[in-house]
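Me: I am new to this structure and would like to understand the terms used to describe it. Please take me through them one by one.

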Amino acid sequence: MGSVTALTVLECEDIAWFRSDPAFPAAARGAAAALARRIGFDTHRASEVALAVSEASTNLQRHASDGALLLRVLRTRDTAAVEFVTVDTGPGMADVSAAMADGVSTAGTLGIGLGAVARLADGFDIHSLPGRGTVMAAQFWPRSRPAAGHPVPTGPVVAGLTRPISGETVCGDAWAARVDTTASETGPALLMMLCDGLGHGPLAARSSEAAVGAFRRTTVRDPESILREIHGALRGTRGGAVAVVRIEPDRQRVLFCGVGNVSGFLIAPGTRKSLLSAPGIVGHQMRTLRTFDLPLIPGSALVLHSDGLTERWTMDALPGLLQHTPSVVAGQLLREAAVRRDDAGIVVAKGAW
């Protein structure tokens with residue numbers, strides 16, 4: 001039970017992806033500073049965020065292949081944070097600990113170093129595969145937060161990433177998660193949803209936004225009932241593919257119900273179990289729904305992703321990844337399996353169950 005109740009499920013607002021080009025570090029740094037000030041950071045903390053983003057983006061530009069940085073806002077009920085996630089396709093690091101040492105710059109240039117980035121951040125995680133690529137995630141909360149009696153959330157149990165198709169600025173995929181504490185017979189549960197709006201661009205995004213809104217408003221608790229409410233909310237939109245999951249740590253089970261091309265997997269060391277969705281388009285045509293009831297494997301993670309990622313990834317090819325945070329797991333799977341010709345969305349739940 002503690003794995004759900006002790007960890008905060010954070011609201012997430014993706015701001016922008018920055019891709020490596022000559023103006024990349026300056027643009028990312030300026031956007032990070034402006035974002036930090038907009039959500040209430042003081043001048044000093046905003047400058048620390050900007051410095052960390054500048055170091056990360058400069059390293060991507062000078063050293064990595066196909067590097068990108070996502071800048072976004074995380075929110076609790078009473079405050080907000082800045083998070084950045086970097087993804088690249090190589091060359092990767094054989095010794096992450098050495099790269100984190102003070103005075104070391106990944107590109108061999110003078111910089112503050114990744115170790116200093118980690119110290120400036122309230123949450124930091126990195127996973128690298130030599131010859132494949134690196135994913136790094138860092139969270140920055142306002143320094144006044146602990147003094148105000150609100151401890152910094154650590155170890156979020158769920159995180160997701162969305163990236164629009166090349167040429168678009170909005171993504172047609174969206175995800176959401178929340179904790180259900182109302183069912184005393186099952187104990188606290190984690191509910192999560194992924195929607196892949198049909199097509200691309202603003203109309204697809206409208207579908208996924210409607211799905212997120214219905215998911216957050218509904219008072220029903222089982223995946224099939226939630227999916228039916230989302231179906232009603234998507235009428236009048238293009239519709240989409242949607243999957244809903246309920247994870248019940250106390251009962252050690254996972255409930256899954258999906259329609260359309262959203263892939264679901266329960267992954268653990270040495271195993272990957274597929275969760276099957278029914279054919280159809282939520283908001284337009286749904287056949288008889290089926291809920292799958294699976295045992296929750298200790299140490300496992302639950303992954304949902306749109307068909308903007310292929311299903312050809314395997315955990316054997318990503319050694320050590322399951323020991324990392326949901327943000328980094330999602331980032332490595334995005335790097336491994338996403339295709340540029342489609343919107344890509346992935347959400348990962350991982351706790352101490």
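Reply: Let us begin with a definition: Ala, Val, Leu, Ile, Met, Phe, Trp, Tyr, Cys and Pro count as nonpolar, Asp, Glu, Lys and Arg as charged, and the others as polar. Please note also that this is a predicted model.

Me: What makes the lining of the second largest cavity seven nonpolar, two polar and two charged residues by class?

Reply: The lining residues are Leu10, Cys12, Arg72, Leu74, Glu83, Gln139, Pro156, Val158, Ala159, Trp175 and Ser327. Set against the definition, Leu10, Cys12, Leu74, Pro156, Val158, Ala159 and Trp175 are nonpolar, Gln139 and Ser327 are polar, and Arg72 and Glu83 are charged. The lining therefore has seven nonpolar, two polar and two charged residues. Strand S2 (68-75) and strand S6 (158-163) are the elements that give two or more residues to this lining.

Me: Why is this space called a cavity?

Reply: The word is used for a set of points where a 1.4 Å probe fits but cannot get out. A search of the whole structure finds two cavities of 30 Å³ or more, and the second largest holds about 70 Å³ of space.

Me: Why is strand S17 said to be largely enclosed by the rest of the structure?

Reply: A residue is buried if its relative accessible area is under 20%. Seven of the seven residues of S17 (residues 344-350) are buried, so the strand is largely enclosed. Ala344, Ile346, Val348 and Lys350 point one way, while Gly345, Val347 and Ala349 point the other way, and all are buried.

Me: How do you know that S6 and S17 pair?

Reply: Pairing requires at least two bridges. S6 and S17 are joined by six bridges in the antiparallel sense, so they pair. Gly160 stands opposite Val347 in S17. Strand S16 (residues 301-306) also runs antiparallel to S17, with five bridges between them, and the bridge partner of His305 is Ile346 in S17.

Me: What makes S7 and S15 edge strands?

Reply: The order in an open sheet of five strands is S7-S8-S9-S10-S15, with antiparallel pairing. Strand S7 (173-180) and strand S15 (292-295) each have a single partner strand, so one side of each is left without a neighbour in the sheet. The twist averages 15° from one strand to the next.

Me: How do you know that helix H7 touches S7 and strand S8?

Reply: Contact means heavy atoms within 4.5 Å. By that criterion, H7 (residues 201-217) packs on the sheet and touches S7 and S8 (189-197). The direction of H7 makes about 160° with that of S8.

Notes: Residues are numbered from 1 along each chain as its sequence is written. This is a predicted model: local features need pLDDT of at least 70, side-chain atom pairs count only at pLDDT 80 or more; totals for chains, interfaces and linings use all residues. Side-chain values use heavy atoms; hydrogens and water are left out. Helices (H or I, at least four residues) and strands (E, at least two) are DSSP runs, numbered from the N terminus. Axes are lines fitted to C-alpha atoms, for helices over the stretch in contact, and angles run from 0 to 180 degrees between N-to-C directions. On a 1 Å grid over the protein atoms alone, a cavity is a set of points where a 1.4 Å probe fits but cannot get out, and a pocket is an open set with protein on both sides within 12 Å along at least five of seven lines; lining residues have an atom within 4 Å of a point. Grid points are joined across faces, edges and corners, and a volume is the space filled by probe spheres set on the points. Buried means under 20% relative accessible area, exposed over 50%, partly exposed in between (1.4 Å probe, protein chains only).
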